[in-house]
Amino acid sequence: MIFDMLDCGGCKTCELVCSFHHTKEFSHQFSSFKVLNKEDGKGYKILIVEDGDKLNIACDRCQGLETPLCLEYCGKRNTLEKFINEIKKIS
């Protein structure tokens, strides 16, 4: 799932905490989130990996935690939460 997050500042904290959830390491490589530059306009595109493969770990919405780590640490939590909830509806 890819969506525009107009108020995202591009800090990539979501990527780091997501990778920590999956691997106990802070590495953008192991994140289910990818913060991508937009060609035009403000904000960023956010890719959430829904189907894992040998290169990507699928988002599990931080199963076992009350609040997904990406939401807990995102400065724009309200916007991100809308998209995380969309994943819940699809899964």
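**Pocket, core and cavity in a predicted model**

The largest pocket holds about 150 Å³ of space. Its lining comprises 15 residues, of which Met5, Cys8, Gly9, Cys11 and Cys74 are the closest to the pocket centre. The structure described here is a predicted model. Two elements, helix 1 (13–23) and strand 2 (33–36), each contribute at least two residues to the lining of the largest pocket. Sorted by class, that lining is made up of nine nonpolar, four polar and two charged residues.

Met5, one of the residues closest to the pocket centre, also belongs to a strand with a clear pattern of side chains. In a regular strand the side chains alternate between the two faces of the sheet. Strand 1 follows this alternation: Phe3 and Met5 point to one face and are buried, whereas Ile2 and Asp4 point to the other and are not. Both of the buried residues can be placed against strand 3, with Met5 standing opposite Tyr44 and Phe3 having Ile46 as its bridge partner. Strand 1 and strand 3 run antiparallel and are joined by four bridges. Strand 3 is likewise joined to strand 2 by four bridges, again in an antiparallel arrangement. Within this second pairing, Val35 stands opposite Ile46 in strand 3. Ile46 therefore faces Phe3 on one side of the pairing scheme and Val35 on the other, if the two bridge assignments are read together. Ile46 also appears in the nonpolar core, considered next.

In soluble globular proteins, nonpolar side chains tend to be buried together. The largest nonpolar core of the model has 15 residues, and those with the most contacts inside it are Phe33, Ile46, Ile48, Cys70, Leu80 and Ile84. At least two core residues come from each of strand 1 (2–5), helix 1, strand 2, strand 3 (44–48), helix 2 (69–73) and helix 3 (77–90). Helix 3 gives the most to this core, with three residues. Cys70 offers a useful view of how these elements meet. Apart from its neighbours within four places in sequence, Cys70 is in contact with Cys14, Val17, Phe33, Leu80 and Ile84. Cys14 and Val17 are among the buried residues of helix 1, together with Glu15, Cys18, Ser19 and His21. The cover over the buried residues of helix 1 includes strand 2 and helix 2.

How many cavities of 30 Å³ or more does a search of the whole structure find? The search returns one, and the largest cavity holds about 60 Å³ of space. Its lining is formed by Cys18, His22, Ser32, Phe33, Cys59, Asp60, Arg61, Cys62, Pro68, Leu69 and Cys70. Helix 1 and helix 2 each supply at least two of the lining residues of the largest cavity. By class, the cavity lining divides into seven nonpolar, two polar and two charged residues. Phe33 and Cys70 thus appear in the cavity lining and also among the core residues with the most contacts.

Asp60, another residue of the cavity lining, is placed in the loop between strand 3 and helix 2. Is Asp60 buried or partly exposed? Its relative accessible area is 23%, so Asp60 counts as partly exposed. Leaving aside neighbours within four places in sequence, Asp60 is in contact with His21 and His22. Asp60 and Val17 are 43 residues apart in sequence, with their C-alpha atoms 13 Å apart in space.

Two lysines stand out in their backbone geometry. Most residues other than glycine have a negative phi, and most peptide bonds are trans. Lys12, although not a glycine, has a positive phi of about 65 degrees. Lys12 lies in the loop between strand 1 and helix 1, and it counts as partly exposed because its relative accessibility is 31%. Lys24 also has a positive phi, near 65 degrees, and is a residue other than glycine. Lys24 follows helix 1, in the loop between helix 1 and strand 2. With a relative accessible area of 58%, Lys24 is exposed.

At the start of the chain, Met1 is found in the segment before strand 1. Met1 counts as partly exposed because its relative accessibility is 25%. Met1 and Ile87 are 86 residues apart in sequence, and the C-alpha to C-alpha distance between them is 8.2 Å.

Definitions and conventions:
Residues numbered from 1 in each chain as written. Predicted model: local features only at pLDDT ≥ 70, side-chain atom pairs only at ≥ 80, totals over all residues. Heavy atoms only, no water. 1 Å grid on protein atoms, 1.4 Å probe; cavity = no way out; pocket = protein on both sides within 12 Å on 5 of 7 lines; lining within 4 Å. Points joined across faces, edges and corners; volume = space filled by probe spheres on them. Nonpolar A, V, L, I, M, F, W, Y, C, P; charged D, E, K, R; others polar. Core = buried A, V, L, I, M, F, W, Y, C linked by side-chain atoms within 4.5 Å. Buried < 20%, exposed > 50% of the residue type's maximum accessible area, 1.4 Å probe, protein only. Contact = heavy atoms within 4.5 Å. Pairing = 2+ DSSP bridges.
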